[in-house]
Amino acid sequence: MDARPTMKKCMPLRRLAAPLALLCWAATALPVPAAAQTAAAQTVDDFYRGKTITIIVPIGPGGAYDAYARILGRHLGRHIPGTPAIIARNMPGGGGVIASNHMYNVAPQDGTTLAIIISSFANDQLFDNPQIKYDARAFLAIGRLVDATSVLFFWHASPIKTVRDLYEKPSTLGITAVNDVPAFRPRAMNRLIGTQMRLIPGYPSARDFVLAAERGETDGGTSTFIGLSQLFASHLREKKLNILVQFATQRDRAMPDVPTVLELTSDLRAREVFRFLVATDEIGRSLFTTPNVPPARLALLRSAFEKMLVDPDFRAEAEGLKLPLAPKSGEDMQRVVAEVFNVTPAAMTKIKEVTRP
């Protein structure tokens, strides 16, 4: 190929200063590098061809996070151009913080790492947890599979049988970590409405909370109702698990006789604290990717997610696994995260006061 300058294109530069004319000559003389030609030719649709996507699960195996991540692994890739392989990787610890830190600081920021992000990841940041090394607002939402109502449950052999028992008898709860929202909720109940729950950390997932109660190590724990229904449906049917409180603003249709934590008090300040602490359930089981993914690639992932949601094979498997769906778009979930940060400084001060270890 003749790489000599095309003098006709540079003719208008004859009247300009010599250095500028020389610059034009150099630009037209140099051939385009082969690597640059390849990069320019690669389209958004080509990016995932031959690649593997990892979905991070922020808790151990078992539970709704794990179940939703694995059904995504079986179906999402078919709707992404290039049909990439998808694997799930459990990364428990720190109440989900380890996984979120990994997404923000370690994982490649190119759309090949996703996460069923811990639902409290935005709220957690506002508590000044020194372990948190991320900005929740920088994560990019792909879409939500389902919201999640968390509950306070007790083993049937525990002395805690009713809500009144929470005030009159001491009890123990298994939790994952002391500095996450699932721990903040019972701690706030102790300080604001006088319950007597002692928190025991170190249990990675809902499965572990229930097994600990069954072994007599604890009286109960907190979990999403989805998680309990998916893992311990028989326990619920046989009334081995006694659900006493919903962490929600309104009663879930599946639990019409179980009061919400907001119903346990008429104090406006306490209700404001509880309303903030239950907001994480709106995020539920949502799929996010890392910061800095190019907009066109993010749009491709969101489109694939929407296509998967209406795929008959996906919906049939979700129904068979008893995984409920209440989807929202990535754009909607991005707004939900932003709204978490709208809490007033005065309210946040009170929330920190009643939830500290």
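Helices (H or I, at least four residues) and strands (E, at least two) are taken here as DSSP runs, numbered from the N terminus. The structure described is a predicted model.

**Backbone outliers in two loops**

In the loop between α6 (121-125) and β4 (140-146) lies Asp-128. Asp-128 is not a glycine, yet its phi is positive, at about 55°. Exposed means over 50% relative accessible area, and Asp-128, with 56%, is therefore classed as exposed.

A second case is Lys-322, a residue other than glycine whose phi is positive and near 60°. Lys-322 belongs to the loop between α14 (312-320) and β11 (328-329). With a relative accessibility of 62%, Lys-322 also counts as exposed.

**Open pockets**

The volume of the largest pocket is about 620 Å³. Its lining comprises 21 residues, and those closest to the pocket centre are Asp-147, Ala-148, Thr-149, Asp-252 and Arg-253. Helix α10 (residues 225-231) supplies the largest share of this lining, namely three residues.

The second largest pocket holds about 260 Å³ of space. Of its 14 lining residues, Arg-275, Phe-276, Ala-279, Glu-339 and Val-340 are the closest to the centre. Three elements each give two or more residues to the lining of this pocket: α12 (268-277), α15 (330-340) and α16 (345-355).

**The enclosed cavity**

One cavity of 30 Å³ or more is present in the structure. The space within the largest cavity amounts to about 390 Å³. This cavity is lined by 27 residues, and nearest its centre lie Tyr-65, Ile-118, Pro-182, Thr-224 and Arg-285. Helices and a strand both contribute: α4 (64-75), α8 (181-193), α9 (206-215) and β8 (220-224) each give two or more residues to the lining of the largest cavity.

**Composition of the linings**

The table sets out the residue classes for each site.

| Site | Nonpolar | Polar | Charged |
|---|---|---|---|
| Largest pocket | eleven residues | four residues | six residues |
| Second largest pocket | eight residues | two residues | four residues |
| Largest cavity | ten residues | 13 residues | four residues |

Charged residues are found among those closest to the centre of the largest pocket, including Asp-147, Asp-252 and Arg-253. In the second largest pocket, Arg-275 and Glu-339 are charged residues among those closest to the centre. For the largest cavity, Arg-285 is a charged residue among those nearest the centre.

Conventions: Residues are numbered from 1 along each chain as its sequence is written. This is a predicted model: local features need pLDDT of at least 70, side-chain atom pairs count only at pLDDT 80 or more; totals for chains, interfaces and linings use all residues. Side-chain values use heavy atoms; hydrogens and water are left out. On a 1 Å grid over the protein atoms alone, a cavity is a set of points where a 1.4 Å probe fits but cannot get out, and a pocket is an open set with protein on both sides within 12 Å along at least five of seven lines; lining residues have an atom within 4 Å of a point. Grid points are joined across faces, edges and corners, and a volume is the space filled by probe spheres set on the points. Buried means under 20% relative accessible area, exposed over 50%, partly exposed in between (1.4 Å probe, protein chains only).
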